[in-house]
Amino acid sequence: MMSQADQHNVRFSDSRDNRKDWLELNKLRKRLRWQTGKAIADFNMIGAGERIMVCISGDKDSHAMLELLISTRSRAPIDFEIVAVTLDQKQPGYPEDVLPDYLETLGVRYYIFAKDTYNIVRSIIPEGRTTCGFCSRLRRGTLYGLAEQIGATKIAPGHHRDDIV
């Protein structure tokens, strides 16, 4: 059994570790926001009044990009709109309720479009062959059409880390 002094030291140590973790996370957030803002400014990626379609694939990279753009918008010297878009490709086991709940908490306008690209790809690509290239082109073409449909002026794909910054 721990003495009261030992229990206090554990709580103090945990508190110190939590503060250190929080400070590190805050430094990372600031660095990512700065890099995002710098990339947007350096490459003139977003102009005043633009509607940015942020493609949410369901992985951490696209979620991070969406949250970075939301944070950047709140501090930006220009006004622009963010619209989150997800393409439900009808893959087996896709959790349809998770993403809308998450996007609601962010307070961002979003669209979830359903297109059964999964079975299209499966019907064309032989079993055992990689589907990535064909699926990617099919998804990208669909997203271009969706951008036009919702009046987006720019597309932020965000399907892998290098799309972020």
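Q: What stands opposite Leu-87 in β3?
A: That's Phe-113. Before we go on, this is a predicted model, where local features need pLDDT of at least 70, side-chain atom pairs count only at pLDDT 80 or more, and totals for chains, interfaces and linings use all residues. Residues are numbered from 1 along each chain as its sequence is written, and side-chain values use heavy atoms, with hydrogens and water left out.

Q: How do you know that β2 and β3 pair?
A: Two strands pair if DSSP finds at least two bridges between them. β2 and β3 have six bridges, in the parallel sense, so they pass that test. "Strand" has its own rule: strands are DSSP runs of E, at least two residues, while helices are runs of H or I, at least four residues, and both are numbered from the N terminus.

Q: What makes β1 and β2 a pair?
A: The rule about at least two bridges again. Five bridges join β1 to β2, and these strands run parallel. One of the partnerships links Ile-52 to Ile-82 in β2.

Q: Which helices and strands come in which pattern along the sequence?
A: The pattern reads α-β-α-β-α-β-α-α-β. That fits the count of five helices and four strands.

Q: What makes β1, α2 and β2 a unit, and of which hand?
A: They make a right-handed β-α-β unit. A crossover is called right-handed if, with the strands pointing away from the viewer, the path from the first strand over the helix to the second runs clockwise. Try it on screen with β2, α3 and β3, which make a right-handed β-α-β unit too.

Q: Why is Gln-89 called buried?
A: Buried means under 20% relative accessible area, exposed means over 50%, and partly exposed is in between (1.4 Å probe, protein chains only). Gln-89 has 11%, so it counts as buried. You'll find Gln-89 in the loop between β2 and α3.

Q: What is in contact with Gln-89, leaving aside its neighbours within four places in sequence?
A: Contact means heavy atoms within 4.5 Å. By that rule, Gln-89 is in contact with Lys-115, Asp-116, Thr-117, Tyr-118, Cys-135 and Arg-139.

Q: Why does Ile-112 count as partly exposed?
A: Its relative accessibility is 34%. That value falls between the cut-offs for buried and exposed, so "partly exposed" is the label. Ile-112 is in strand β3, and, not counting residues up to four places away, it touches Thr-86, Asp-88 and Pro-100.

Q: How far apart are Ile-112 and Val-85 in sequence and in space?
A: They are 27 residues apart in sequence, and their C-alpha atoms are 5.8 Å apart. For Ile-112 and Glu-96, which are 16 residues apart along the chain, the C-alpha separation is 9.4 Å.

Q: How do you know that β2 is mostly covered?
A: Seven of its eight residues are buried. For the protein, 29% of the 165 residues count as buried.

Q: Why are the buried residues of α3 said to be on the same side?
A: The buried ones are Leu-99, Pro-100, Tyr-102 and Leu-103. They cover an arc of only 165° around the axis, which puts them on the same side of α3. That arc is taken from the directions from the helix axis to the C-beta atoms. The buried residues pack against α2, β2 and β3.

Q: What does the face of α3 turned away from its buried side carry?
A: It carries the exposed residues Asp-101, Glu-104 and Thr-105. Just after α3, Gly-107 takes a positive phi of about 70°.

Q: What makes a set of residues a nonpolar core?
A: The members must be buried Ala, Val, Leu, Ile, Met, Phe, Trp, Tyr or Cys residues, joined through side-chain atoms within 4.5 Å. The largest such core here has 17 residues, and Val-54, Leu-66, Leu-69, Ile-82 and Leu-103 touch the most other members. β1, α2, β2 and α3 each supply at least two residues of this core, with the largest share, four residues, coming from α2. Apart from it lies another core, of eleven residues, including Cys-55, Leu-87, Leu-143 and Ala-152. In soluble globular proteins, nonpolar side chains tend to be buried together.

Q: Which residues does Leu-103 touch, not counting residues up to four places away in sequence?
A: They are Leu-66, Ala-84, Val-108 and Tyr-110.
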